Amino acid sequence: MKFSWNVVRESLRLSSPTQETFREVTNDFTFAGYTIPKGWKALWSMHSTHKNPEYFPNPEEFDPSRFEGSGPPSYTFTPFGGGPRMCPGREYARLAMLVFLHNIVTKFKLEKASKWHNTTYRSMSPASKAALKVRVRPHAK
Ligand code: HEM
């Protein structure tokens, strides 16, 4: 299911269910001319990195082939976070997404039923402002 997993990863890149998360700063450090003191909360954003053209050329384009070969450099694709607090549910989530995709694709035909959709961001998660409507029909037997 290599291709399916690349499709799932590309979806997670374009619209990560978690857009950013926090870390506590354990040492004073300077970044881009700003001093960040120890004890502050830092908000790091996978959303921004996932849309950085330096790592993901044409970042708004849906292109699962980005994940072929060695794929993007480490810590550029982080929908499940990273380090010791990385999502412990990621392998279960991977299985659930692949099983869902397999069943949808093999059992149903999908057709776009509205011309456009619009995504907004509420709190830390993407939300649909105007949902893309999809018509779902079982494949003919
Ligand atoms: C597509 C599905 C999922 C995504 C994108 C996701 C994403 C994330 C992210 C970004 C974090 C923060 C990681 C960090 O700060 O480095 C996180 C933490 C966490 N996730 Fe998930 N998650 C998913 C599914 C799940 C599932 C299925 C479970 C449980 C069955 C789960 C349980 C947790 C828990 C307990 C934490 C907190 C870990 C900690 O703070 O040590 N997640 N997840």
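This short presentation looks at selected features of one structure, which is a predicted model.

Good morning. I shall begin with the metal site. The iron atom of the ligand has a single donor from the protein. That donor is the SG atom of Cys87, at 2.3 Å from the iron. Where in the chain is Cys87 found? Cys87 belongs to the loop that connects α2, residues 46-50, with α3, residues 90-107. I ask you to keep this loop in mind, as several other residues in my talk also lie there.

Let me turn to the packing of two helices. In general, two packed helices are described by the angle between their axes and by the distance between those axes. For α1, which covers residues 2-14, and α3, the angle is about 110° and the axes are 10 Å apart. Because angles from 65 to 115 degrees count as roughly perpendicular, α1 is roughly perpendicular to α3. As for handedness, α1 passes α3 in a right-handed crossing.

Which residues meet at this contact? From α1 come Ser4, Trp5, Val7, Val8 and Leu12, and from α3 come Arg94, Met97, Leu98 and Leu101. Sorted by class, the contact consists of seven nonpolar residues, one polar residue and one charged residue.

I should like to look more closely at two residues of α1. The first choice is Val7, which lies in this helix. Is Val7 buried or exposed? Its relative accessible area is 18%, and because buried means under 20%, Val7 counts as buried. Leaving aside neighbours within four places in sequence, Val7 is in contact with Phe62, Pro64 and Leu101. Phe62 is worth a further word: Val7 and Phe62 are 55 residues apart along the chain, yet their C-alpha atoms are separated by 8.7 Å.

The other choice is Arg13, also a residue of helix α1. Arg13 has a relative accessible area of 1%, so Arg13 is buried. Which residues does Arg13 touch, if neighbours within four places in sequence are set aside? The contacts of Arg13 are His50, Phe56, Pro59, Glu61, Arg66, Phe67 and Phe77.

We now return to the loop between α2 and α3, where Glu54 lies. With a relative accessibility of 62%, Glu54 counts as exposed, because exposed means over 50%. Glu54 and His102 are 48 residues apart along the chain, and 32 Å separates their C-alpha atoms.

Asn58 lies in the loop between α2 and α3 as well. The phi angle of Asn58 is near 45°, a positive value in a residue other than glycine. Asn58 has a relative accessible area of 52%, and is therefore exposed. Tyr75, too, is placed in the loop between α2 and α3. Although Tyr75 is not a glycine, its phi is positive, at about 65°. Tyr75 counts as exposed, at 61% relative accessibility.

My last residue is Leu132, in the loop between β7, residues 125-130, and β8, residues 134-138. At 32% relative accessibility, Leu132 counts as partly exposed. Not counting residues up to four places away in sequence, Leu132 touches Lys112, Ser114, Trp116 and His117. Leu132 and Val99 are 33 residues apart along the chain, with 22 Å between their C-alpha atoms.

To close, I return to the metal site: Cys87 gives the single protein donor to the iron atom of the ligand. Thank you for your attention.

Conventions
Residues are numbered from 1 along each chain as its sequence is written. This is a predicted model: local features need pLDDT of at least 70, side-chain atom pairs count only at pLDDT 80 or more; totals for chains, interfaces and linings use all residues. Side-chain values use heavy atoms; hydrogens and water are left out. Donors are N, O and S atoms within 2.8 Å of the metal (3.2 Å for Na, K and Ca); water is not among the atoms, so sites may look incomplete. Helices (H or I, at least four residues) and strands (E, at least two) are DSSP runs, numbered from the N terminus. Axes are lines fitted to C-alpha atoms, for helices over the stretch in contact, and angles run from 0 to 180 degrees between N-to-C directions. Angles under 35 degrees count as roughly parallel, over 145 as roughly antiparallel, 65 to 115 as roughly perpendicular and the rest as oblique. A crossing is left-handed if the near helix is turned anticlockwise from the far one by less than a right angle, and right-handed if clockwise. Contact means heavy atoms within 4.5 Å. Ala, Val, Leu, Ile, Met, Phe, Trp, Tyr, Cys and Pro count as nonpolar, Asp, Glu, Lys and Arg as charged, and the others, Gly among them, as polar. Buried means under 20% relative accessible area, exposed over 50%, partly exposed in between (1.4 Å probe, protein chains only).
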